[in-house]
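Work through the exercises below with the structure open beside you, and try each task before you read its solution.

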Amino acid sequence: MNSKDILELKSLLNTPKEIVIVPHKNPDGDAMGSTLGLYHFLKGLGHKATVIAPNDYPEFLKWLPSDDTVIKYESQTKEADDLIDKAELIFTLDFNALSRTGEMETSLIASTATKILIDHHQQPDQYAAYMYSDVSMSSTCEMVFNFIEFLDGLDRISPEIATCLYTGIMTDTGSFKFRSTTSRTHRVIATLIDKGADNMQIHDNVYDTNSYQSLQLLGCALQNLRLLTEFNTVYITLSQEELDAHNFRKGDTEGFVNYGLSIKDVVLAVIFIENKQEDIIKISLRSKGTFSVNDFARTHFSGGGHINAAGGRSELDLSETVEKFISILPQYKTELNS
Ligand code: 5GP
Ligand code: MN
């Protein structure tokens, strides 16, 4: 973000505004942490801000400060559309294309509000008047911290803001272990702890609130795991039937795909999750090193994300999707073995 943009944004935020803050569909810890963190900051500056999520998010995020103020577009469409209509500023956080907001996209396109993008995904679309896009960042939460710093607002970081931003940095870095975790990330985290983020409690709230059923589902996923040694690749499938048998709830499969990458020498891990309601297979991809799952997901599975973490979808059925995936791998054999 250049100094001209910062000056303009400072001036825009100098007088109270009606503001809407939007995360991507199926929001994760970084999406909810960054939107709610920014929400608290903007409220502190005297603005009228509302977070509107395209749809619901997992239980393990339903303790974030002011989570109860979040409007869900899917179930509160009229209220959400009114707010979008009235908004003077719309912040879009943790995604790179308006299509990532699902049904909400039409209203966002129609809105005349000044749009501000803050995001760390690859290849952002050019829909926003102000873009703070940086693919080297660990998380959108780290970028919101920087954004607050650009606005000379670090003194305004409350325990609520610190808690929200800590949460998203923690979840998007796999608890500070992914490559994108820098010394600066750790400095930001240290500041957030100083500002009142209770690190142990946050970890506990997010990671240690599994249900018995969700651990059983993990067991099922691990049973279904297949190793393709020739391609240093692992894939996992979960059918709708298996999800139903374990009383699946949103968020229960979070992190499952990472187990594949913990096998020695594996560089690509993928999970295919059947969703009969939407009639699609949701795909999550993770890699180690230079193998770009962003490119892979964009090319073959209508998705995208980051070099080492991406998502996508397939309209084929579960077994056809897996067949398609296996048939693609030979093209990448050299890359997967380098
Ligand atoms: P996950 O596998 O956890 O759903 O997503 C991994 C990363 O890829 C996240 O940063 C997420 O925002 C991105 N991502 C997930 N699904 C999609 C998708 O369908 N399209 C795009 N462009 N990115 C996605
Ligand atoms: Mn993120």
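Three exercises follow, and all of them concern a predicted model.

**Exercise 1. Find the residues that come nearest to ligand 1, and describe the polar contacts made by their side chains.**

Step 1. The surroundings of ligand 1 comprise 13 residues, and those that come nearest are Arg100, His121, Ser284, Arg286 and Gly304.

Step 2. Taking 3.5 Å as the limit for a polar contact between N or O atoms, one can examine the side chains in turn. A polar side-chain atom of His121 is 2.7 Å from an oxygen atom of ligand 1, one of Arg100 lies 2.8 Å from an oxygen atom of the ligand, and for Arg286 the corresponding distance to a ligand oxygen atom is 2.9 Å.

Step 3. Ligand 1, taken alone, would expose 500 Å², and the protein buries 80% of that area.

**Exercise 2. Determine which strands supply the shell around ligand 1, and how its residues divide by character.**

Step 1. At least two residues of the shell come from each of strand E10 (280-287), strand E11 (304-305) and strand E12 (309-314).

Step 2. Among the contributions to this shell, the largest share belongs to E12, which provides 4 residues.

Step 3. Sorted by character, the shell around ligand 1 holds 8 polar, 3 charged and 2 nonpolar residues.

**Exercise 3. Describe how domain 1 and domain 2 are placed, and characterise the area buried between them.**

Step 1. The domain assignment places residues 3-207 in domain 1 and residues 212-336 in domain 2. Over C-alpha atoms, the centres of the two domains are separated by 27 Å.

Step 2. Contact between the domains involves 15 residues on the side of domain 1 and 11 residues on the side of domain 2.

Step 3. The size of an interface is often given as the accessible area lost when the parts come together. Between domain 1 and domain 2 the buried area is about 1,000 Å², and carbon and sulfur atoms give 47% of it. Within the area that domain 1 buries against domain 2, Gln122, Gln123 and Arg179 supply 37%, more than any other three residues.

Conventions: Residues numbered from 1 in each chain as written. Chains lettered and ligands numbered in written order. Predicted model: local features only at pLDDT ≥ 70, side-chain atom pairs only at ≥ 80, totals over all residues. Heavy atoms only, no water. Near = heavy atom within 4 Å. Polar contact = N/O pair within 3.5 Å; in protein donor to acceptor, adjacent residues only side chain to side chain. Areas by Shrake-Rupley, 256 points an atom, 1.4 Å probe, with all protein chains shown as cover. Nonpolar A, V, L, I, M, F, W, Y, C, P; charged D, E, K, R; others polar. Domains from an automatic or database assignment. Contact = heavy atoms within 4.5 Å. Buried area = accessible area lost by both parts, 1.4 Å probe.
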